[in-house]
Amino acid sequence: MRKQLMKGNEAIVKSAILAGCRAFYGYPITPASEIAEAAAEFMPRAGGVFVQAESEVAAVNMLYGGASAGVRCMTASSGPGISLMQEGISYMAGAELPCVIADITRGGPGLGNIAAEQGDYHQVVKGGGHGNYRTLVLAPDSVQEMADLTALAFELADCYRNPAVVLADGFVGQMMEPVEFPHKAILPRQPDWAVAGTAKTRGNLINSLHLDPDELEAHQRALEAKYRQAEKHEARAEEWFTDDAEIVLTGYGIVGRILKAVTAEARADGLKVGLLRPVTLYPFPTAYYQRLGRRARLFLVVEMSNGQMLEDVRLALDGARPVEFFSRVGGNVPSHDEVMALVREYARRVAAYATGKERLTHV
């Protein structure tokens, strides 16, 4: 199949349809609006439904209804819109309803601006709504991964009966690259737990309300067990030149691409630098960090936020190695030259530390 040149936001929709999605409920917001536009164009062609809701709150509740009927469905938004959806996402996690949510992040807090940022990490990865739940979160760094990880998100959502989020910064959503899609599409099917049939024949009930404390505790323990299984089997990351790396760079989304270029230049200069890029933000690839932490000397986290993934990296390493941090916010992007200058300075300090001439301290 020939590759198609398209935006990341468009690739999400085409991949979703090929993955069996037949319903999109959403409200446009920059920089995610092309997702709704593409869904409006392509979803009806596939025999599906597109509804522009009156708000993000309405959209996420439509998602609850569509998922309850066993339809593979999705929505898309950005920072302020995702904030409005949090209660509905909590309801869906509590009712064990699968769905896919695309979050194309922009600057915040508040209305912020429409430039790309990564400030939605906490509200998406940690579960921004109420209660004890998690969302499965995937972080693409290319238009091809926007397609691939959207398809994976539907599979994981169905497997764990839980909302899954494709978390991409505005750069990845807006950039255009060649994409190759699978030759075969997944045909929609109705799961056995779905609410279906007539009032007389319908037997299933979708609900997130458990008034008895013991009943709710049992339900939450079951959710916990499900999340532990996801943590055991679904964590994913990309490694690049990590076998002998003394300095490990780590970041996701567009930052991961910048760090790959920095790694290549550092290697060309003879520096032992590697890249660890999380592909799943939940489950977080903790084991990858722990394994590399046994031999690397220093980790550098780079984000387009004030240090949200940084917390998970530090938790994963548990003090085993120094963790440094560099960021740009407000829609500014860490530049290749900025990160490269830090890498050279850290490489000098690592070399001095190895000879006992200097301690590893913050730059």
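**Notes on the predicted model**

1. A good place to start: Val-302 stands opposite Phe-326 in strand E14. Strands E13 (residues 298–303) and E14 (residues 323–327) run parallel and are joined by five bridges; two strands pair if DSSP finds at least two bridges between them. Helices (H or I, at least four residues) and strands (E, at least two) are DSSP runs, numbered from the N terminus.

2. Before going on, some ground rules. This is a predicted model, in which local features need pLDDT of at least 70 and side-chain atom pairs count only at pLDDT 80 or more, while totals for chains, interfaces and linings use all residues. Residues are numbered from 1 along each chain as its sequence is written, and side-chain values use heavy atoms, with hydrogens and water left out.

3. Back to E13 and E14: together with helix H11 (residues 309–317) they make a right-handed β-α-β unit. Right-handed here means that, with the strands pointing away from the viewer, the path from the first strand over the helix to the second runs clockwise.

4. Have a look at Met-309 too. Beyond its neighbours within four places in sequence, its contacts (heavy atoms within 4.5 Å) include Tyr-121, Tyr-252, Leu-281, Tyr-289 and Val-301. Met-309, Leu-281 and Tyr-289 are also among the residues that touch the most other members of the largest nonpolar core, which has 117 residues. Such a core is a set of buried Ala, Val, Leu, Ile, Met, Phe, Trp, Tyr and Cys residues joined through side-chain atoms within 4.5 Å. Helix H6 (residues 143–160) gives this core its largest share, 10 residues.

5. Now for the open sheet: seven strands with mixed pairing, in the order E3-E2-E4-E5-E7-E6-E12. Its edge strands, E3 (49–52) and E12 (280–282), each pair on one side only. Within the sheet, E5 (residues 99–105) and E7 (residues 163–169) are parallel and share seven bridges, with Val-100 opposite Ala-164 in E7. H6 packs on this sheet, touching E4 (73–77), E5, E6 (136–138) and E7, and its direction makes about 170 degrees with that of E6. Axes are lines fitted to C-alpha atoms, for helices over the stretch in contact, and angles run from 0 to 180 degrees between N-to-C directions.

6. How many disulfides does the structure hold? Zero, taking a disulfide as a pair of cysteine sulfur atoms within 2.5 Å. The sulfur of Cys-21 is too far for a bond, because the closest cysteine sulfur, in Cys-73, is 6.7 Å away. Cys-21 is buried, at 0% relative accessible area, whereas Cys-159 is exposed, at 54% (buried is under 20%, exposed over 50%, partly exposed in between; 1.4 Å probe, protein chains only).
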